[in-house]
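Here's a quick tour of one model, going from its strands to its charged pairs. Have a look at the fold first, then read on.

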Amino acid sequence: MKTYLFTLLFALVSMSILAQKEPFEGHIIYRYQFFDLDGNDISAKMLTEKDSVQHYYINKANYVTYNQNQVLSQLYNSGTNQYFYSRANNIYVLDAGKSTTSKPTYKKQKEEKTILGNKCYALQKGEGSNKMIYYVSENIWIDPSPFQNHNLGNWNEFLKQSKGRLALQITTFHEDYYQTMTAVRIQKMSLPDEAYNIDKLIGN
């Protein structure tokens, strides 16, 4: 009975969080799945070399992600407009003001789905085997202005096209397979800017 009441309380709190009409700040857990072009699940094979989970923490002006082992994957700090990423136990830094790709095209799709109780619509980037489909919800959004100089990866353009709405699922297509990254938990929390200080995170 106690377990049931706790579960019910958690669900009600979660629904209350998602219904709030204010910028999101908190933690989203995404789960990766992989499929061949016929729709067969090939996650067991692919996950031997790729991450299975992403922990995504975003506040009003910064974000950081960790994998399933709580190893730092990437970090963006708007104060310095720098993007950090981890490869083979090394940390590298890029100027987020520089874009390495051309400006993509976006178009809204008719397809809709519900993710964790949030109604989402599809926003497609690109075409063919290189396309990506973002499922975004009006319930989970941020103010895009602190990220307006984040040209790297065209993140600022995505936020412009989505009106600041964060993706709750991303489907990325490749030549012979596609992957989905789907939110499995959303938790609102206050995250101080110190949580995005790269020197503190790596112990310098």
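Start with a single rung of the ladder: Ser86 has Ile91 in S6 as its bridge partner. S5 and strand S6 (residues 90-95) run antiparallel over six bridges, and they make a hairpin with two residues in between, where Ala88 in the turn shows a positive phi of about 50°. Strands here are DSSP runs of E with at least two residues, and helices are runs of H or I with at least four, both numbered from the N terminus; two strands pair if DSSP finds at least two bridges between them.

A word on ground rules: this is a predicted model, in which local features need pLDDT of at least 70 and side-chain atom pairs count only at pLDDT 80 or more, while totals for chains, interfaces and linings use all residues. Residues are numbered from 1 along each chain as its sequence is written, and side-chain values use heavy atoms, with hydrogens and water left out.

On S5's other side, strand S4 (residues 72-77) pairs with S5 (residues 82-87) in the antiparallel sense over four bridges, Tyr76 being matched with Tyr83. That hairpin has four residues between its strands, and Asn81 in the turn has a positive phi of about 55°.

Now zoom out. Eleven strands form an open, antiparallel sheet in the order S6-S5-S4-S3-S2-S1-S11-S10-S9-S8-S7. S6 and strand S7 (106-115) sit at the edges with a single partner strand each, so one side of each has no neighbour in the sheet.

Then the charges. There are six salt bridges, taking a side-chain nitrogen of Lys or Arg within 4 Å of a carboxyl oxygen of Asp or Glu. Among them:

| Pair | Closest N and O atoms |
|---|---|
| Lys60 and Asp193 | 3.8 Å |
| Glu157 and Lys103 | 3.8 Å |
| Glu138 and Arg165 | 3.7 Å |

Glu138 lies in strand S9 (residues 132-141) and Arg165 in strand S10, so this pair ties together parts 27 residues apart in sequence. Arg165 is buried, at 15% relative accessible area. Buried means under 20%, exposed over 50%, and partly exposed in between (1.4 Å probe, protein chains only).

How do the two ends of the other pairs compare? Lys60 is exposed at 57% relative accessibility, whereas Asp193 is partly exposed at 39%. Glu157 is buried at 10%, but Lys103 is exposed at 57%.
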